[in-house]
Every structure is written in C-alpha cells, then in structure tokens.
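Hello,

Below is the structure I said I would pass on. My notes on it follow.

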Amino acid sequence: RHEARALLEQAIALHRSLDDRSAEGSARSLLGSVLLAAGDTEAARASLVEAVRLQRSCGARAAEGDAQNDLGNFHLGRGELDDARCLYEQALELHREAGDRVHEANTVGNLANCLELLGRPRDAAPLHLQSLAIHRETGHRRGEANGLNNLGFCRLAEGRLRESSALLADA
C-alpha cells in the first residue's frame with residue numbers, strides 16, 4: 001500500500017504539472033481507495049472530495065459521476081447512509097446525462113444497496129431490476145451476475161425466499 005500511495009502521489013504531481021485536472025481527479029479517487037484500505041480515513045475522505053472537485057472544475061461529467069460514486073462508497077462503508085444515498089443520486093444524474101450506461105448501472109445498483117441498508121428493500125428492488133436490465137443490455141456479464149446476486153439478497157430481505165433462491169442460483 002505504501003508503494004501504491006507513493007506512485008499515485010507521483011502521478012498526481014505529474015498530472016497537476018500538466019494541468020490535467022481530470023486525470024488528477026482519477027488518480028485522487030484511486031489514492032482515496034488506497035488510503036482507506038490503509039486505514040487513513042480522513043486522508044481518504046479528503047482525496048475523494050478533491051477528486052469530485054477536480055472533475056467538476058473541468059466539466060468532466062461522467063468522471064465527476066465516477067468520483068461521486070467513489071465518495072458514496074466511502075460513506076456507505078462508514079455507515080453514513082444518507083450521505084451515500086445523496087452522492088449516488090447525484091452520480092446517477094451525471095452518468096445519465098453523459099450517456100454512460102455501464103457506470104449508470106453500477107450506480108443504480110449502489111443506490112439500491114444503500115436503500116436496502118436504510119431498511120427500504122421494496123424501494124431497492126426496482127432499482128436492482130433496472131441495474132440488471134442495463135447490464136444485460138450492455139453485455140456486461142459480471143455486472144449481470146452482481147445484479148442477480150443483489151436482487152436475490154433484496155428479495156430475501158423482502159421475505160420472498162423462493163424467488164431469492166432462484167436468483168442467487170442464477171448468479
């Protein structure tokens with residue numbers, strides 16, 4: 001992790017020297033993940049927030065959506081569910097605006113997972129179905145498997161055991 005951090009910090013410095021804010025933002029998102037894995041929560045948060053700011057500043061709408069999704073994942077992992085939900089909703093709007101269907105599907109799935117954790121599986125289920133449909137439409141097989149898995153657990157939370165078992169078997 002130390003080596004990954006050092007390399008990402010070098011990449012960030014290089015992107016900054018080239019005034020490539022979008023690439024710097026992408027590297028900052030990765031650095032945020034590395035810092036979080038290393039247990040440096042506050043530095044991870046700062047890096048992820050800066051990634052969003054950089055992507056927004058250069059008008060990279062799809063990349064801004066990716067950065068907001070990453071920041072949403074950070075908040076979800078910390079149990080800050082309302083913050084995560086808001087970030088996923090903003091990321092979803094950006095991905096739809098950019099026409100980025102694969103990332104849209106991932107963000108819809110993340111939002112659905114967040115709603116489940118908020119105790120709202122009935123609100124989550126249509127989103128899981130939407131995510132699954134997009135993954136199938138785009139031919140993203142791993143996303144389809146994840147979508148089936150997520151929908152299966154959602155159906156389990158709803159008490160729909162038979163449907164849950166079938167979905168999880170298909171995943």
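**Around helix α3**

Just after α3, G59 adopts a positive phi of about 75 degrees. Helices here are DSSP runs of H or I with at least four residues, numbered from the N terminus. This is a predicted model, in which local features need pLDDT of at least 70 and side-chain atom pairs count only at pLDDT 80 or more, while totals for chains, interfaces and linings use all residues. Residues are numbered from 1 along each chain as its sequence is written, and side-chain values use heavy atoms, without hydrogens or water.

Helix α3 (residues 41-57) has 17 residues and should span 24 Å at 1.5 Å a residue (times one less than the number of residues); its end C-alpha atoms are 24 Å apart, which agrees. Its buried residues (under 20% relative accessible area, 1.4 Å probe, protein chains only) are A44, S47, L48, A51, V52, L54 and Q55. They lie on the same side of α3, because they cover an arc of only 165 degrees around the axis (taken from the directions from the axis to the C-beta atoms). Among what covers them are α2 (21-37) and α4 (61-77).

**Cores**

The largest nonpolar core (buried Ala, Val, Leu, Ile, Met, Phe, Trp, Tyr and Cys joined through side-chain atoms within 4.5 Å) has 14 residues, of which L31, L71 and F74 touch the most other members. Two or more residues each come from α1 (2-17), α2, α3 and α4. Not counting residues up to four places away in sequence, L71 contacts (heavy atoms within 4.5 Å) L48, V49, V52 and L87. Another core, of 13 residues, lies apart from it and includes Y88, L111, L115 and C154.

Regards

Definitions and conventions. Buried < 20%, exposed > 50% of the residue type's maximum accessible area, 1.4 Å probe, protein only.
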